[in-house]
Amino acid sequence: LCVVFFSLQVLNEKKLQEVDSLWKEFETPEKANKIVKLKHFEKFQDTTEALAASTALVEGKLSKNLKKILKKIVAKDAHEQLAVADAKLGGVIKEKLNLSCIHSPMVTELMRGIRSQVEGLITGLPSREMAAMCLGLAHSLSRYKLKFSPDKVDTMIIQAISLLDDLDKELNNYIMRCREWYGWHFPELGKIITDNLTYCKCVRKVGDRSNFASSDVSDILPEEIEEDVKAAAEISMGTEVSEEDINNIIHLCDQVIEISEYRTQLYDYLKNRMMAIAPNLTVMVGELVGARLIAHAGSLLNLAKHPASTVQLLGAEKALFRALKTKRDTPKFGLIYHASLVGQSNTKNKGKISRMLAAKTALTIRYDALGENTSAEMGAENRLKVETRLRLLEERGIRRISGTGKALAKTDKYQNKSEIKVFDPSADSTLPVVSKKRKIQEVDEQDTEVAVKAKKFKAEMK
């Protein structure tokens, strides 16, 4: 199958000015031939050549075949304008061939009309062959896009972070089951060894608790903990289990160790992928939070289309709509809450830091998705700004608005004054301490004095 390059010449330019009614001129092939006519025809040798030219047009690039055709047109009609459907391609043609190009709503309507009557404008091509050519080229172009799509790498990150979360859940269930199962036989071991992977390695190597006395687990445990484990094994209150039970527990420990090793390998793979695809985003929020943001949005390009406010609340949609429905306070952060910068700040400043971090993260996402540079310098600069802002908030160096303008809050400078206190000997007194409490006799005497004064006052009044 072969497809073609062809160029058309406009015959009646006055009718092109009426954009709204231009479609009427392409209702039939006869009307279309009165507006445009075939100027140049060039066919491709095979589908591979056609695919290369099509992909170049889609990406806004000038292919070799198109360049040759346009050079021929320039040689004959250098004064004519070339109507192009893609403004980017028009800019490339104008730059390389110095050919005047035009792109407007009129050109868009003209291209739509030409596509609808292309079989009548190009004679000698049966409609069946034309449909077969279009279908073959469309399939080839779709396969090419799928094969070389940059979004395909995003899919790997989405699958990796989803698998990492699934592995964490399964590991948690397996370890909990292993501790509970072996705890019936040796319950004291779970309190002595807190690390899950070390616990499973120790159980797999020793098996029955009676073997701890003769086993050497110095390659797994420190010397102090090893002594505690051996001492606890001698006086353990656990029940006796059969050898078959121990074998099943050891098999479960093997599964836990294998999954843990694979999880470590998967985390390294995800870290390398994130640094290759979104280095600035990784520097800002870390590889795990960055991967979860990409997975939640669907792709890095979709995430780049979100504003900073959406990035800040991504992952907290339920809480947001519940707050809007009940007219309560909306949430301040979503997945970005797990970033290290938000975790470093205190509770009072988490909202401010998450808002600023989301703003800088949105910039780095767009830089990673749409920029050509793959360095992480921009992410490092923005992270430094957020860290500086966090330090200012933590030190309470917030700017306040005064009558004369903005000024830093003034605080008294702390000066360390070392005062030497001398012992005061006058504090030592040998006199007896007088009690502050009044005696009963003193209280009675005061009451009688008050009564006498009251009688005198009444007598004077009479």
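**Reading the labels: Glu 226, the H10–H12 crossing and Lys 327**

Mentor: In this predicted model, Glu 226 belongs to helix H11, which covers residues 223–234.

Trainee: Why is Glu 226 called buried?

Mentor: Its relative accessible area is 10%, and buried means under 20%. Glu 226 therefore counts as buried.

Trainee: Which residues is Glu 226 in contact with, leaving aside neighbours within four places in sequence?

Mentor: Ser 215, Asp 216, Val 217, Ser 218 and Leu 221.

Trainee: Why are H10 and H12 called oblique to each other?

Mentor: The axes of H10 (residues 196–206) and H12 (residues 243–277) cross at roughly 140° and come within 9 Å. Roughly antiparallel needs an angle over 145 degrees, and roughly perpendicular runs from 65 to 115. The angle of roughly 140° fits neither class, so the pair is oblique. The crossing of H10 past H12 is left-handed.

Trainee: Which residues of H10 and H12 meet?

Mentor: From H10, Leu 197, Cys 200, Lys 201, Val 203 and Arg 204 take part. They meet Ile 249, Ile 250, Cys 253, Asp 254, Val 256, Ile 257 and Ser 260 of H12. Sorted by class, this contact has 8 nonpolar, 1 polar and 3 charged residues.

Trainee: What makes Lys 327 count as exposed?

Mentor: Its relative accessibility is 79%, and the cut-off for exposed is over 50%. Lys 327 therefore counts as exposed. Lys 327 lies in the loop between helix H17 (317–326) and helix H18 (340–344).

Trainee: What is the phi of Lys 327?

Mentor: Positive, about 60°, although Lys 327 is not a glycine.

Conventions. Residues numbered from 1 in each chain as written. Predicted model: local features only at pLDDT ≥ 70, side-chain atom pairs only at ≥ 80, totals over all residues. Heavy atoms only, no water. Axes fitted to C-alpha atoms, helices over the stretch in contact; angles between N-to-C directions. Helix = DSSP H or I, 4+ residues; strand = E, 2+ residues; numbered from the N terminus. Parallel < 35°, antiparallel > 145°, perpendicular 65-115°, else oblique. Left-handed = near helix turned anticlockwise from the far one by under 90°. Contact = heavy atoms within 4.5 Å. Nonpolar A, V, L, I, M, F, W, Y, C, P; charged D, E, K, R; others polar. Buried < 20%, exposed > 50% of the residue type's maximum accessible area, 1.4 Å probe, protein only.
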